[in-house]
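Hello,

Here is the structure I promised to pass on to you. Have a look at it first, and my notes follow below.

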Amino acid sequence: MAKRAAPDVNAGSMADIAFLLLIFFLVTTTIASDIGINRKLPPKVEITDPPPIKRKNLFEVVINHKNALLVEDEPMEIGDLRAATIAFLDNNGNGNCDYCKGSKDVNQSSHPSKAVIAVKNSRETSFSTFIAVQNELIGAYNTLRDREAIRLYGESFQSITQQWKDADDDSNEKLVLKQKRDAIKAMFPEKISESETDEGR
Amino acid sequence: MSKFKKGGGKELPAISTASLPDIVFMLLFFFMVATVMRQNTLQIENKLPYADQVEKLDKKSSIMYIYAGKPGPGYKKFGTEAKVQLDDKMVSNVAEIQAFVQENRNKVGETRVGRLIAALKVDKNTNMGLIGDVKEQLREVNQLKINYATLNGDPTKKNR
């Protein structure tokens with residue numbers, strides 16, 4: 001009697017099963033991404049003698065409980081905040097900032113390194129508005145830093161930062177990039193303070 | 001009548017699909033590896049706000065998450081006021097953040113304490129009052145590096 005070969009298992013549906021699993025994982029996957037706005041809180045030590053800040057060097061952004069903005073005592077829409085911040089930082093009131101292109105208004109910030117932005121919010125301000133304001137302020141700094149980075153090094157501040165992050169530790173390249181980055185940061189140091197108003201208490 | 005059939009009648013051989021499962025399995029394994037299951041069960045609403053001037057957080061191990069928002073569906077017994085969630089439990093007293101920070105510092109080890117970042121995953125409709133309290137508690141234990149977690153998008157658009 002002829003020997004009969006064992007019949008092959010039909011593997012045709014294997015692809016279907018695999019597809020099913022694949023689609024399950026595709027749907028459930030959220031590629032983990034932790035992005036956000038980095039901030040540093042002020043340390044908890046009582047400063048007995050705070051350094052004086054001239055009123056003209058202070059850019060005050062107040063957000064009230066209705067999420068409306070008051071910038072330098074004038075109501076403002078969130079869309080205009082970035083341009084206003086750039087105008088304030090880049091103002092060059094003293095006339096000794098050779099990379100500034102501002103209007104040299106004597107009643108506004110004298111030098112980018114002296115300019116301080118104060119964000120004040122009420123307890124009822126919503127978090128999304130607060131983040132939107134923070135975002136616009138950082139956007140203003142990034143715009144100015146990009147401008148100087150392109151003028152000096154021919155590439156944007158973002159791309160320098162990215163390269164610096166990607167470079168190998170202790171490599172010469174990383175050191176050079178860090179120097180570039182620090183130079184740009186020193187031109188427009190980020191000085192944003194956060195505080196709460198007493199409104200509604 | 002010829003003995004050999006010429007050309008014409010020959011059909012194209014079917015493309016073999018035998019390797020299709022292999023390809024699909026490859027994709028499958030990629031997604032299985034890339035998938036991160038959520039570590040904590042969220043008991044609160046957590047719709048993050050949008051921002052586009054963001055930085056990426058690396059070094060996953062030195063991040064601790066502090067969640068805040070209104071109690072989600074199924075947890076309404078905790079009330080309707082926004083609450084803070086640490087790990088798996090909802091916290092009614094923000095002072096518990098101090099113990100939470102200490103616990104995390106012990107976990108990461110002494111050498112990396114300085115690189116520990118507190119990521120605040122806060123629902124966009126939360127009032128800033130609660131966040132102010134959280135920040136105050138973090139300052140109390142000298143945890144000064146914080147990060148406001150956001151999604152990538154333009155925040156100035158309406159309906160956001």
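Let me start with the strands. β2(A) and β5(A) run parallel and are joined by 6 bridges. Please keep in mind that this is a predicted model. Within that pairing, Ile63(A) has Asn121(A) of β5(A) as its bridge partner.

β2(A) also pairs with strand β3 (residues 69–71) of chain A; here the two run antiparallel, with 3 bridges between them. Ile63(A) turns up again in this pairing, where its bridge partner in β3(A) is Leu69(A). The hairpin formed by β2(A) and β3(A) has 5 residues between the strands, and in it Asn67(A) takes a positive phi near 65°.

How well covered is β2(A)? Of its 6 residues, 6 are buried. That holds for both faces: Leu58(A), Glu60(A) and Val62(A) are buried on one side, and Phe59(A), Val61(A) and Ile63(A) on the other.

Glu60(A) deserves a second look, given that it carries a salt bridge. Its side chain meets that of Lys120(A), with an N to O distance of 2.8 Å. This pair links distant parts of the chain, since Glu60(A) lies in strand β2 (residues 58–63) of chain A and Lys120(A) in strand β5 (residues 116–121) of chain A, 60 residues apart. The two ends differ in their surroundings: Glu60(A) counts as buried because its relative accessibility is 15%, under the 20% cut-off, whereas Lys120(A) is partly exposed at 26%.

Now to the other salt bridges I wanted to show you; the structure holds 12 of them over all chains. Glu148(A) takes part in a bridge with Arg151(A), at 2.6 Å from N to O. These residues are 3 apart in helix α3 (residues 127–153) of chain A, so about one helical turn separates them. Arg151(A) is partly exposed, with a relative accessible area of 47%. Salt bridges with shared partners join Asp90(A), Arg147(A), Glu148(A) and Arg151(A) into one network.

Within that group, Glu148(A) also meets the side chain of Arg147(A) in a salt bridge, 3.1 Å from N to O. Which of these two is buried, and which is partly exposed? Glu148(A) is the buried one, with 0% relative accessibility, while Arg147(A) is partly exposed at 24%.

If you open the model, I would begin with Glu60(A) and its partner Lys120(A), and then go on to the network that includes Glu148(A).

Best wishes

Definitions and conventions:
Residues numbered from 1 in each chain as written. Chains lettered and ligands numbered in written order. Predicted model: local features only at pLDDT ≥ 70, side-chain atom pairs only at ≥ 80, totals over all residues. Heavy atoms only, no water. Salt bridge = Lys/Arg side-chain N within 4 Å of Asp/Glu carboxyl O. Helix = DSSP H or I, 4+ residues; strand = E, 2+ residues; numbered from the N terminus. Buried < 20%, exposed > 50% of the residue type's maximum accessible area, 1.4 Å probe, protein only. Pairing = 2+ DSSP bridges.
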